[in-house]
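Visitor: Please take a close look at one part of this model, the salt bridges and the residues that form them. I should then like to see that part set in the context of the whole chain.

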Amino acid sequence: LVAIPRLNDFKKYDNNPNINMAYWNNYFTKKDLDNNNFKFIDLLKYKPSNIEQMYLDCDGHWSPQGNLWAAQIISNFLN
């Protein structure tokens, strides 16, 4: 399971790092630790230095750079 942050999620996290204490985050983090057949990747924890280039201005979806950033992180967890 991959948690996909929006640009404003990174901004919220910068202002309040305890956002990862949210119920859903704790639930999936614990499930990841307790279950070898489940992996939880929270991309919020992998903030790129060029964050503004990761998203399209027109609609907030990932740009090509954002897709590459996410793919590189996720690929590290694939067997």
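Guide: A residue counts as buried when its relative accessible area is under 20%, as exposed when the value is over 50%, and as partly exposed in between, with a 1.4 Å probe and protein chains only. This is a predicted model, in which local features need pLDDT of at least 70 and side-chain atom pairs count only at pLDDT 80 or more, while totals for chains, interfaces and linings use all residues. Residues are numbered from 1 along each chain as its sequence is written, and side-chain values use heavy atoms, with hydrogens and water left out.

A salt bridge is taken to be a side-chain nitrogen of Lys or Arg within 4 Å of a carboxyl oxygen of Asp or Glu. A search of the whole structure returns four such pairs. One of them joins lysine 39 to aspartate 32, with an N to O distance of 3.2 Å. Aspartate 32 belongs to helix H2, residues 23-34; helices (H or I, at least four residues) and strands (E, at least two) are DSSP runs numbered from the N terminus. Lysine 39 is placed in the loop between H2 and S2. The two partners differ in burial class: aspartate 32 is buried, because its relative accessible area is 17%, whereas lysine 39 is partly exposed at 36%.

The surroundings of this pair can be described through contacts, meaning heavy atoms within 4.5 Å. With neighbours within four places in sequence set aside, aspartate 32 is in contact with Phe38, Lys39 and Phe40. On the same basis, lysine 39 touches Leu1, Asp32 and Phe77. A further distance places the loop residue relative to threonine 29: the C-alpha atoms of lysine 39 and threonine 29 are separated by 8.4 Å, at 10 residues apart along the chain.

A second salt bridge pairs aspartate 14 with lysine 47, at 2.5 Å from N to O. Aspartate 14 lies in helix H1 (residues 7-15) and lysine 47 in the loop between strand S2 (41-42) and helix H3 (64-75), so this bridge ties together parts that are 33 residues apart in sequence. Both residues are partly exposed: aspartate 14 has a relative accessible area of 44%, and lysine 47 has one of 41%.

A third links arginine 6 to aspartate 9, where the closest N and O atoms are 3.8 Å apart. Here arginine 6 is partly exposed, at 48% relative accessibility, and aspartate 9 is buried, at 18%.

Lysine 47 also leads towards the interior, as one of the residues that phenylalanine 10 touches. Phenylalanine 10 is part of helix H1 and is buried, with a relative accessible area of 1%. Not counting residues up to four places away in sequence, its contacts are Pro5, Leu43, Leu44, Lys47, Pro48, Ile51, Tyr55 and Trp69. Phenylalanine 40, by contrast, has its C-alpha atom 18 Å from that of phenylalanine 10, the two residues being 30 apart in sequence.

Trp69, named among those contacts, is one of the buried residues of H3, together with Gly66, Ala70 and Ile73. Viewed down the helix axis, these buried residues fall within an arc of 90° (the arc of the directions from the axis to the C-beta atoms), so they line one face of H3. In general, an α-helix has 3.6 residues a turn, so residues three or four places apart point the same way. The buried residues of H3 pack against H1 and S2. The end C-alpha atoms of H3 are 16 Å apart, in agreement with the 16 Å expected for its 12 residues; the expected span is 1.5 Å times one less than the number of residues.

In the chain as a whole, three helices and two strands are present, in the order β-α-α-β-α from the N terminus. The C-alpha trace spans about 40 × 30 × 20 Å along its principal axes. Of the 79 residues, 29% count as buried. Among contacts with a separation of 6 or more, 55% involve residues 24 or more positions apart. The chain exposes about 5,700 Å², of which carbon and sulfur atoms supply 54%; accessible areas come from the Shrake-Rupley method with a 1.4 Å probe, and for residues only the protein chains shown count as cover.
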